[in-house]
Amino acid sequence: MADHNFDVVILGGGSGGYAAALRSAQLGKSVALIEKDKLGGTCLHRGCIPTKALLHSAEVADTVKESATYGVQSTFGAIDMPAVNAYRNTIVDRLFKGLTGLVNSKSITVVSGEGRLVGPKTIQVNGDNYTGENIVLASGSYSRSLPGLEIGGRVITSEHALQLNFVPNKVIVLGGGVIGVEFASIWKSFGAEVTIVEGLPSLVPNEDAAVSKALERAFRKRGIDFKTGVRFSGVEQHEHGVVVSLESGEKLEAEVLLVAVGRGPNTAGLGYEEQGIQMDRGYVLTNDRLQTNIPGVYAAGDIVPGLQLAHRGFQQGIFIAEEIAGLKPAVIDENGIPKVTYCEPEIASVGLTEAKAAETFGAENISTYEYNLGGNGKSQILGTAGFIKLIRKNDGPIIGVHMIGSRVGEQIGEAQLIVNWEAYPEDVASLIHAHPTMNEAIGEAHLAIAGKPLHAHA
């Protein structure tokens, strides 16, 4: 057994962990980064990047099918899943190679193996001890299931779905959140029959109610079936598929059941509780500066209660590195974190929903406006429908931006600046937005809520 000492020892090489490592090294700290699998974690290898690659293949498939609408004659043949997977793997491999090279160039000691916290400031890997003046826990998350629902065979999670080398004829997706609607969108574009089962009253229930309703309308139009407010009760597998039972008594048949009921914190068996770290249902509890109840021990990413987003973990990793270095970074505002769901149509949002804003400030103290993309030239060229919804405090700043439509995820950058910099509608309305762009719709929406609508009825 050997002992190694560093300024910062990080457990987990995903978005939060590698960001903490890179920024700590940049600030002159000696760093050990421990990862049992591959640098980049779930996001790069089993989440964000591979799923978005599949979604791009799905977009191409839809474009080919609809090409005659645009005066282009083409014929859609079939989805070649081995070729789709090869394309996806090329993207992942290229990014992994780049990340590995970047980390190695920064004098960061990368330790391969499964780490476990064996002391307040010591992580053991492969029999060796890595002790840090500061510890960063960033061990990520795993795909949840439901009590009594075993994963295996034709009952799969998103990780298994990414490895399929065929397109199922018929799929049931259990869960209408981000992961569920993204895979439903992919499979529908690839030619599968899809049914989503969501126990809550709406799809994407964490989004603004208007966005949820709009997605449901769009999915109906696309032929994606969904059942909301109905709970799953059981599943039986047979040679050719699954039979899913709902508490309503209805039974659904499909080739595959995708379990997409969220992700849980990957903390079991890592020694956190044994070393006295305060936990709640598997999550690591921290203060607003991401420090645990043990001084010098921090946590980042999906193991910290809140939004489970790669960019949140990434920013938290940077924050922790700067906190350790004494730079006193500004506390991350969870309400200011942008979210994107990459189904078709896309969803993008930042800030408070209308319901949350009304609860926080009182319904009489807020105003809302929905700008329909029907008035946006580029949206018409692309053939997309949807809207941009703004929420403001009366005589105050914009506190929420909620969008649905093709490619609206690319508009979230300006939206998050508006919310985080507490811009007033008049501030944005005076800015020039290039024409014709979808981004122009953000300007039009702000003109309208500022009381001077042009390409809008208000």
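**Helix packing, salt bridges and local environments**

In helix 1, Ser15, Gly16, Tyr18, Ala19, Ala20, Arg23 and Ser24 meet Ala310, Gly313, Phe314, Gly317, Ile318, Ala321 and Glu322 of helix 8, where contact means heavy atoms within 4.5 Å. By class, seven nonpolar, five polar and two charged residues make up this contact of helix 1 with helix 8; Ala, Val, Leu, Ile, Met, Phe, Trp, Tyr, Cys and Pro count as nonpolar, Asp, Glu, Lys and Arg as charged, and the others, Gly among them, as polar. The model is predicted, with local features requiring pLDDT of at least 70 and side-chain atom pairs counted only at pLDDT 80 or more, while totals for chains, interfaces and linings use all residues. Residues are numbered from 1 along each chain as its sequence is written, and side-chain values use heavy atoms, with hydrogens and water left out.

Helices (H or I, at least four residues) and strands (E, at least two) are DSSP runs, numbered from the N terminus. Helix 1 (residues 15-26) packs with helix 8 (residues 310-324) at an angle of about 30°, the axes being 7 Å apart. Axes are lines fitted to C-alpha atoms, for helices over the stretch in contact, and angles run from 0 to 180 degrees between N-to-C directions. Helix 1 and helix 8 are therefore roughly parallel to each other; angles under 35 degrees count as roughly parallel, over 145 as roughly antiparallel, 65 to 115 as roughly perpendicular and the rest as oblique. Their crossing is right-handed, a crossing being left-handed if the near helix is turned anticlockwise from the far one by less than a right angle, and right-handed if clockwise.

A second helix pair consists of helix 3 (residues 48-65) and helix 4 (residues 81-104), whose axes come within 9 Å and cross at roughly 140°. Helix 3 and helix 4 are therefore oblique to each other, and helix 3 passes helix 4 in a right-handed crossing. On the helix 3 side, Ile49, Pro50, Ala53, Leu54, His56 and Ser57 take part, and they meet Val84, Asn85, Tyr87, Arg88, Ile91, Val92 and Leu95 in helix 4. The residues of this contact divide into nine nonpolar, three polar and one charged.

Side chains of opposite charge can pair when their charged atoms come close. With a salt bridge taken as a side-chain nitrogen of Lys or Arg within 4 Å of a carboxyl oxygen of Asp or Glu, the count comes to 15 salt bridges. One of them joins Lys227 and Glu250, with the closest N and O atoms 3.2 Å apart. This pair links distant parts of the chain, 23 residues apart: Lys227 is in strand 11 (residues 225-228), and Glu250 is in the loop between strand 13 (241-246) and strand 14 (251-254). Lys227 counts as buried, at 18% relative accessibility, whereas Glu250 is partly exposed, at 31%; buried means under 20% relative accessible area, exposed over 50%, and partly exposed in between (1.4 Å probe, protein chains only).

Glu334 forms a salt bridge with Arg312, with a closest N and O separation of 3.0 Å. Here too the pair links distant parts of the chain, 22 residues apart, with Glu334 in the loop between helix 8 and strand 20 (339-341) and Arg312 in helix 8. Arg312 is buried, with a relative accessible area of 2%, and Glu334 is partly exposed, at 30%. In the salt bridge of Arg281 with Asp280, the closest N and O atoms are 3.7 Å apart. Arg281 is exposed, at 72% relative accessible area, and Asp280 is partly exposed, at 33%. Asp208, Glu354 and Lys389 are linked in a network of salt bridges.

Ten of the ten residues of helix 13 (residues 440-449) are buried, so this helix is largely enclosed by the rest of the structure. Its buried residues pack against strand 22 (366-372), strand 23 (387-393), strand 24 (398-405), helix 11 (412-420) and helix 12 (425-429). Gly451, just after helix 13, takes a positive phi of about 95°.

Two loop positions were also examined. Gly177 lies between strand 9 (170-174) and helix 6 (178-190) and is partly exposed, at 23% relative accessibility. Apart from neighbours within four places in sequence, Gly177 is in contact with Glu198 and Val204. Leu270, in the loop between strand 16 (263-265) and strand 17 (279-280), counts as buried, at 9% relative accessibility. With the same sequence neighbours left aside, the contacts of Leu270 are Gly115, Arg116, Leu117 and Ser139.
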